[in-house]
Amino acid sequence: MNILLLFFALPIATIILAIAAQKILKCPFLVAGVFFAIYLIVAFAAFDASFLVFAVVYTIIAFLTAVITKIITNFIENNNDKKCGCTTNINVNTASANASTQNSNSNNCCCNCRRCR
């Protein structure tokens, strides 16, 4: 096994792909499970049994990356909500029933931010 592959290429690829998977799946545990399954298959198909240790380490890296990505994404979305001035949470059921009242009421959220969708 190439040392650069084990200690540089696979961890960097894991971090980049875990960020993309977290943005798609939105669940750090699911991201870690997918990466563990992939590395488990790779361990027995391409490498020997000693690669299982690396598979566990790469899974932990994927999980931590997904958690950090989730925290950063939530922080950015919450700051965008505050920046647009959204303070009310409109229920979807009442929004369709009271569409005309909401358009005329300036206290409701009209900035199309995440909380009001």
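Lys 26 sits in the loop between α1 (3–25) and α2. In this predicted model, the phi angle of Lys 26 is near 60°, a positive value in a residue that isn't glycine. Is Lys 26 buried or exposed? With a relative accessibility of 60%, Lys 26 counts as exposed, because the cut-off for that label is over 50%.

Moving on to the aromatic rings, a search of the whole structure turns up 9 aromatic pairs. One of them joins Phe 35 and Tyr 39, and this pair is tilted, with 6.3 Å from centre to centre and 35° between the planes. Why does this pair get called tilted? The angle of 35° falls in neither of the other classes, because stacked needs planes under 30 degrees apart and edge-to-face needs over 60.

Both partners belong to helix α2 (residues 28–45), where Phe 35 and Tyr 39 are 4 residues apart, or about one turn of the helix. Phe 35 is buried, at a relative accessible area of 7%, and Tyr 39 is buried as well, at 8%. Both labels apply because buried means under 20%.

The pair also belongs to a wider group: ring pairs tie Phe 7, Phe 35, Tyr 39, Phe 47, Phe 51, Phe 54 and Tyr 58 together into a cluster.

As for confidence, the protein chain has a mean pLDDT of 82, and 70% of its residues reach 70 or more. Where does pLDDT stay under 50? That happens over residues 100–106, and for this stretch the model has 4 contacts beyond four places in sequence.

Methods:
Residues are numbered from 1 along each chain as its sequence is written. This is a predicted model: local features need pLDDT of at least 70, side-chain atom pairs count only at pLDDT 80 or more; totals for chains, interfaces and linings use all residues. Side-chain values use heavy atoms; hydrogens and water are left out. Rings of Phe, Tyr and Trp (its six-membered ring) pair if their centres lie within 6.5 Å; planes under 30 degrees apart count as stacked, over 60 as edge-to-face and the rest as tilted. Helices (H or I, at least four residues) and strands (E, at least two) are DSSP runs, numbered from the N terminus. Buried means under 20% relative accessible area, exposed over 50%, partly exposed in between (1.4 Å probe, protein chains only). pLDDT is the predictor's confidence in each residue, from 0 to 100. Contact means heavy atoms within 4.5 Å.
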